[in-house]
Amino acid sequence: MAGSTRGQVKLHVVKGDKVKVIAGKDKGLVGEVIAVHPASHKVTVQGVNIVKRHLRDTSAQPQGRSTTKGGIVSSEAPIHVSNVQLVVKDGEGNEVATRVGYDRVEVTKRRPDGSEYKAFRSVRIARKTGEEI
């Protein structure tokens with residue numbers, strides 16, 4: 001995988017983004033990103049890729065550790081980031097899926113001594129609307 005040996009990889013979605021699933025068993029579903037895993041190129045989306053886990057009841061254990069109720073628990077599992085697309089509102093208020101682009105904008109920053117200077121920062125833009133995300 002690209003970037004797995006040299007630290008973190010920047011993904012096109014961040015926690016809190018609204019995304020649409022474009023491939024897989026949950027294709028077409030829209031949900032919010034609740035976790036991002038850059039090292040494995042995966043994201044966890046609310047209500048998407050629901051898996052069931054069988055948990056053992058640990059209340060009968062004598063060690064005195066935290067107790068968990070046993071049973072079958074449903075939760076979201078991560079999916080690959082290439083299978084989701086960002087959703088933004090267009091001019092009429094409709095939600096549309098869009099690709100993510102990056103643009104460099106000039107900003108004014110302030111040093112600790114109070115002096116100001118110009119610098120550039122990278123911002124995400126929606127390719128369909130051209131607006132900053």
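**Close-up views of a ten-strand predicted model**

**Figure 1. Asn 49 is buried, with a relative accessible area of 14%.** The view is taken from a predicted model. Asn 49 belongs to the loop that links strand 3 with strand 4 (50–55). Its phi is near 55 degrees, a positive value in a residue other than glycine. Most residues other than glycine have a negative phi. Because buried means under 20% relative accessible area, the 14% of Asn 49 places this loop residue in the buried class. Asn 49 is also one of the residues touched by Ser 75, the subject of the next view.

**Figure 2. Ser 75 contacts residues at the start of strand 4 and in the loop that precedes this strand.** Ser 75 is part of strand 5 (residues 71–76). Is Ser 75 buried or partly exposed? A relative accessible area of 29% makes Ser 75 partly exposed. Leaving aside residues up to four places away in sequence, Ser 75 touches Asn 49, Ile 50 and Val 51. Between Ser 75 and Val 51 the C-alpha atoms are 5.6 Å apart, although 24 residues separate the two in sequence.

**Figure 3. An open sheet is built from six strands with antiparallel pairing.** The strands are arranged in the order 6-3-2-1-7-8. Why is one side of strand 6 and of strand 8 left without a neighbour in the sheet? Strand 6 (79–80) and strand 8 (95–98) stand at the edges and each has a single partner strand, so one side of each remains unpaired in the sheet. In the protein as a whole there are ten strands and zero helices, and the elements from the N terminus on run β-β-β-β-β-β-β-β-β-β.

**Figure 4. Antiparallel bridges connect strands 1, 2 and 3.** Strand 1 (residues 18–21) and strand 2 (residues 30–37) are joined by three bridges. Lys 18 has Glu 32 as its bridge partner in strand 2. Between strand 2 and strand 3 (residues 42–45) there are four bridges, again in the antiparallel sense. Here Val 33 faces Val 45 of strand 3. According to the UniProt annotation "domain: KOW", from an unreviewed entry, residues 12–39 form the annotated span. This span is 43% strand and 0% helix, and its end C-alpha atoms lie 14 Å apart.

**Figure 5. His 41 takes a positive phi in the hairpin of strand 2 and strand 3.** Four residues lie between the two strands of this hairpin, and His 41 is found in that loop. The phi of His 41 is near 60 degrees, a positive value in a residue other than glycine. Is His 41 buried or exposed? His 41 is buried, with a relative accessible area of 13%.

**Figure 6. Strand 3 pairs with strand 6 in the antiparallel sense.** Two bridges connect these strands. Lys 42 is placed opposite His 80 of strand 6. Strand 6 stands at an edge of the sheet, so one of its sides has no neighbouring strand there.

**Figure 7. The largest nonpolar core has 15 residues.** The residues with the most contacts inside this core are Val 13, Val 19, Val 43, Val 45, Ile 79, Val 81 and Val 84. Strand 1, strand 3 and strand 7 (84–89) each provide at least two of the core residues. Which strand gives the most to this core? Strand 7 does, with three residues. The neighbours of Val 43 may be followed individually: with residues up to four places away in sequence not counted, Val 43 touches Leu 11, Val 13, Val 33, Ala 35, Val 36, His 37, Pro 78, Ile 79, Val 81 and Val 84. Over the 133 residues of the protein, 24% count as buried.

**Figure 8. Arg 127 touches a run of residues from Thr 98 to Gly 101.** Arg 127 lies in the segment that follows strand 10 (116–126). Its contacts, not counting residues up to four places away in sequence, are Thr 98, Arg 99, Val 100 and Gly 101. The C-alpha atoms of Arg 127 and Gly 101 are separated by 6.0 Å, with the two residues 26 apart along the chain. Among contacts in the protein with a separation of 6 or more, 45% are between residues 24 or more positions apart. The protein exposes about 9,400 Å², of which carbon and sulfur atoms supply 48%.

Note on methods. Residues are numbered from 1 along each chain as its sequence is written. This is a predicted model: local features need pLDDT of at least 70, side-chain atom pairs count only at pLDDT 80 or more; totals for chains, interfaces and linings use all residues. Side-chain values use heavy atoms; hydrogens and water are left out. UniProt positions are given in the numbering used here, feature names are shortened, and annotations may be inferred rather than shown by experiment. Two strands pair if DSSP finds at least two bridges between them. Contact means heavy atoms within 4.5 Å. Buried means under 20% relative accessible area, exposed over 50%, partly exposed in between (1.4 Å probe, protein chains only). Accessible areas come from the Shrake-Rupley method with a 1.4 Å probe; for residues, only the protein chains shown count as cover. A nonpolar core is a set of buried Ala, Val, Leu, Ile, Met, Phe, Trp, Tyr and Cys residues joined through side-chain atoms within 4.5 Å.
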